[in-house]
Amino acid sequence: MAKAAASLSGRDILDLDSMTLDEYELVMRTATEMKKIMGRDIKKVPSLRGKSIINLFYENSTRTRTSFELAGKYLGADVVNITAASSSVAKGECLRDTILTVQSMACDAIVMRHPIEGAAAYAAKVAAPVIINAGDGAHAHPTQGLLDMFTIREQGKNFKDLKMVIIGDVLYSRVARTNIAAWTKLGADVHVAGPMTLLPHDIEALGVTVHKRVEEALEGADVVDILRIQLERQQKGLFPTTREYARIFGVNEEKLKLAKPDVTVLHPGPMNRGLEISWEVGYCDNAAIRTEVQNGVAVRMALLFLTLTGGKQIENAN
Ligand code: NCD
């Protein structure tokens with residue numbers, strides 16, 4: 001029997017563990033087309049005209065919220081932003097009521113960021129619109145994972161041949177968990193390094209190699225993903241001082257020399273410069289950090305398009 005073509009029509013996007021390789025591929029191909037639209041003088045197509053998208057953000061965001069908003073607008077959708085601090089959440093409304101309230105306004109998709117793991121999955125259970133997880137606590141950040149995947153592929157790198165290293169606060173990072181899930185599924189050789197207090201105790205079960213020393217992990221690396229220290233999620237004093245963290249685990253030019261000369265440096269942003277990443281590394285030629293932001297718009301356009309239309313109108317989008 002012929003294999004059904006991958007489709008994300010009507011799907012909630014909660015994490016990358018539950019997506020197949022064919023679905024990753026579909027998003028990558030669609031994002032390539034979307035990036036062409038972004039390069040046009042007039043960046044607007046009618047693919048999502050008549051659709052409405054609500055960005056429901058319970059945590060701060062610059063890149064993710066703005067790029068979802070632009071992605072929806074470039075495709076002709078109506079996009080409304082709700083931030084917890086300026087909504088009835090501040091009056092004590094519970095998550096379920098807020099979700100049902102926005103659903104009543106006939107929205108087609110809710111893009112949601114929330115500090116609690118599982119919040120997006122809960123929303124998907126109680127609400128009819130497509131739910132796209134824009135980050136739930138330390139659990140998952142699927143669109144960050146897809147934009148990182150797109151950025152690496154765009155550089156012509158093949159996951160099966162790559163040594164990929166994730167450095168820093170793995171314990172509290174939804175980006176780390178998401179990229180580990182995707183990169184191992186794609187067949188890459190994935191390594192992590194960071195303070196032992198910031199590595200989950202069962203991390204090896206995720207199929208990664210653990211290093212105590214950043215230098216050891218960086219040896220011959222093709223891709224290095226530097227994580228932001230999640231100061232807002234950890235109040236337990238899990239590393240002694242920021243100065244000591246920067247010295248031992250911060251990635252600077254000296255340490256980066258251990259990686260391959262064409263190493264791709266990723267950071268999801270916002271960067272704590274001088275802490276997990278030095279100023280020089282943040283601006284070096286290998287840094288793909290601003291490309292990640294650009295690709296974030298293309299990938300989010302692709303996901304909104306695929307979930308809200310089934311991707312059927314791709315020809316019209318060209
Ligand atoms: C990430 C997030 O919020 O998880 N940021 C982002 O979406 N670009 C990473 C982070 O805040 O550390």
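How far apart do the C-alpha centres of domain 1 and domain 2 lie? In this predicted model, the separation is 27 Å. A few notes from going through the structure follow.

1. **Domain layout.** The protein chain splits into two domains. Domain 1 comes in two pieces, 21-141 and 295-311, while domain 2 is the stretch 156-287.

2. **The interface in numbers.** Between them, domain 1 and domain 2 bury about 990 Å², with 53% of that on carbon and sulfur atoms. On the contact count, 14 residues of domain 1 touch 14 residues of domain 2.

3. **Polar links across the interface.** If you're listing charged pairs here, the rule finds 1 salt bridge between domain 1 and domain 2. There are also 4 residue pairs in polar contact across this interface, counting pairs with both residues at pLDDT 80 or more. As for who does the touching on the domain 1 side, α1 (21-38), β3 and β4 (130-136) each supply at least two residues.

4. **E59 and R174.** Worth pulling up in your viewer: the side chains of E59 and R174 form a salt bridge, at 2.9 Å from N to O. By the domain bounds, E59 falls in domain 1 and R174 in domain 2.

5. **Helix α3, the buried face.** Which residues of α3 are buried? In this helix, which runs over residues 95-104, they are L95, T98, I99 and V102. Looking down the axis of α3, the buried residues fall within an arc of 95 degrees, so they line one face of the helix. That spacing fits the usual geometry: an α-helix has 3.6 residues a turn, so residues three or four places apart point the same way.

6. **What α3 packs against.** The partners of the buried α3 residues are three strands and a helix: β1 (52-57), β2 (78-83), β3 (109-114) and α4 (119-126). β3 turns up twice in these notes, as it also supplies residues to the side of domain 1 that touches domain 2.

7. **Just after α3.** Have a look at the backbone here too: A106 follows the helix, and its phi is positive, near 65 degrees.

8. **H191 in domain 2.** Is H191 buried or exposed? H191 sits in strand β6 (residues 189-193) and is buried, because its relative accessible area is 8%, against a cut-off of under 20%. Its side chain makes a polar contact of 3.1 Å with the side chain of D189. Setting aside neighbours within four places in sequence, H191 is in contact with K163, M164, V165, I166, T209 and H211.

Definitions and conventions
Residues numbered from 1 in each chain as written. Predicted model: local features only at pLDDT ≥ 70, side-chain atom pairs only at ≥ 80, totals over all residues. Heavy atoms only, no water. Buried < 20%, exposed > 50% of the residue type's maximum accessible area, 1.4 Å probe, protein only. Helix = DSSP H or I, 4+ residues; strand = E, 2+ residues; numbered from the N terminus. Arc of directions from axis to C-beta. Contact = heavy atoms within 4.5 Å. Domains from an automatic or database assignment. Buried area = accessible area lost by both parts, 1.4 Å probe. Salt bridge = Lys/Arg side-chain N within 4 Å of Asp/Glu carboxyl O. Polar contact = N/O pair within 3.5 Å; in protein donor to acceptor, adjacent residues only side chain to side chain.
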